[in-house]
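Ready to work through a structure by hand? Below are some exercises, each followed by a solution that goes step by step.

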Amino acid sequence: MLIYRSGDGFPIKETRAWRRESAPVAAHAATLHVTGVPYGTYAFTVYQDMNANRKLDTNFIGIPKEPVGVSKNARGRFGPPRWKDANFELNQPVVEMNVTMVTL
């Protein structure tokens, strides 16, 4: 999971992510508990690292080659999802969000 605090680099520039978290996938699902996140506005990208190289593999034009999902299940139109469609306000101690991953 790549957590972003702004649209800068969202959704796939890993070097621009505020924080990175990971969890094992079992039976086509994963649960990730993230702690120590201050209240604020965030969006995240999740991907399944199929080849265990600790990065989201993309093709030559930047389209992900591994299963990927974005907060609020935002979808892009003729490109990646936009920050304004994926961001959410963290203003309570616990937020649960289900994300459907797709292969593009």
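## Exercise 1: A buried acid in a loop

The backbone nitrogen of M50 sits 2.9 Å from a polar atom of the E66 side chain. Keep in mind that this is a predicted model. Your task: work out where E66 lies, whether E66 is buried or exposed, and which backbone nitrogens its side chain approaches.

**Solution.**

Step 1. Find E66: it belongs to the loop between β3 and β4.

Step 2. Check burial and charge. E66 is buried but has no salt bridge. The nearest side chain of opposite charge is K55, at 8.3 Å. A salt bridge needs a side-chain nitrogen within 4 Å of a carboxyl oxygen, so K55 doesn't qualify at 8.3 Å.

Step 3. See what the side chain has instead. A polar atom of the E66 side chain lies 2.9 Å from the backbone nitrogen of M50, and the backbone nitrogen of D57 also lies 2.9 Å from a polar atom of that side chain.

Step 4. Look around. Leaving out neighbours within four places in sequence, E66 is in contact with Y47, Q48, D49, M50, N51, K55, L56, D57 and V102.

## Exercise 2: The residue on the other side of that contact

Take M50 next: is M50 buried or exposed, and which residues does M50 touch beyond four places in sequence?

**Solution.**

Step 1. M50 has its place in the loop between β3 and β4.

Step 2. Exposed means over 50% relative accessible area. M50 has 56%, so it counts as exposed.

Step 3. Not counting residues up to four places away in sequence, M50 touches E66 and P67.

Step 4. Now compare chain and space for M50 and P67. They are 17 residues apart along the chain, and their C-alpha atoms are separated by 8.2 Å.

## Exercise 3: Another buried acid

Find out which side chain D57 makes a polar contact with, and how far D57 is from the nearest side chain of opposite charge.

**Solution.**

Step 1. D57 lies in the loop between β3 and β4, where β4 covers 68-70.

Step 2. D57 is buried and has no salt bridge. K55, the nearest side chain of opposite charge, is 4.1 Å away. The cut-off is within 4 Å, so this pair isn't counted as a salt bridge.

Step 3. The D57 side chain does make a polar contact, at 2.8 Å, with the side chain of N51.

Step 4. Setting aside residues up to four places away in sequence, D57 touches N51, I63, P64, K65 and E66.

## Exercise 4: Salt bridges

How many salt bridges does the structure hold, and which residues are linked in a network of them?

**Solution.**

Step 1. The total is five salt bridges.

Step 2. Try R16 and D8, whose closest N and O atoms are 2.8 Å apart. Both ends are partly exposed: R16 at 46% relative accessibility, D8 at 44%.

Step 3. E21 and R19 form another, at 2.7 Å from N to O. R19 is partly exposed, with a relative accessible area of 22%.

Step 4. K84 and D85 bridge as well, with their closest N and O atoms 3.9 Å apart. K84 counts as exposed at 56%, while D85 is partly exposed at 28%.

Step 5. For the network, the answer is R82, K84 and D85.

## Exercise 5: Rings

How many aromatic pairs does the structure hold, and which residues do ring pairs link into a cluster?

**Solution.**

Step 1. There are four aromatic pairs.

Step 2. Take Y4 and F10. Their ring centres are 5.5 Å apart and their planes are at 85°, so this pair is edge-to-face. Y4 and F10 are both buried.

Step 3. F44 and F88 are edge-to-face too, with 6.0 Å between centres and 80° between planes. F44 is in strand β3 (residues 40-47) and F88 in strand β5 (residues 88-90), so the pair ties together parts 44 residues apart in sequence. F44 and F88 are buried.

Step 4. The cluster consists of Y4, F10 and W83.

## Exercise 6: The cores

How many residues does the largest nonpolar core have, and which elements give two or more residues to this core?

**Solution.**

Step 1. The largest nonpolar core has 11 residues, including Y4, F10, Y47, L56 and V68.

Step 2. The elements giving two or more residues to this core are β1 (2-4), β3 and β4.

Step 3. Another core, of seven residues, lies apart from it, and I3, Y42, F88 and L90 are among its members.

Conventions:
Residues numbered from 1 in each chain as written. Predicted model: local features only at pLDDT ≥ 70, side-chain atom pairs only at ≥ 80, totals over all residues. Heavy atoms only, no water. Phe/Tyr/Trp six-rings, centres within 6.5 Å; stacked < 30°, edge-to-face > 60°. Buried < 20%, exposed > 50% of the residue type's maximum accessible area, 1.4 Å probe, protein only. Helix = DSSP H or I, 4+ residues; strand = E, 2+ residues; numbered from the N terminus. Lys, Arg positive; Asp, Glu negative; His and termini not counted. Polar contact = N/O pair within 3.5 Å; in protein donor to acceptor, adjacent residues only side chain to side chain. Contact = heavy atoms within 4.5 Å. Core = buried A, V, L, I, M, F, W, Y, C linked by side-chain atoms within 4.5 Å.
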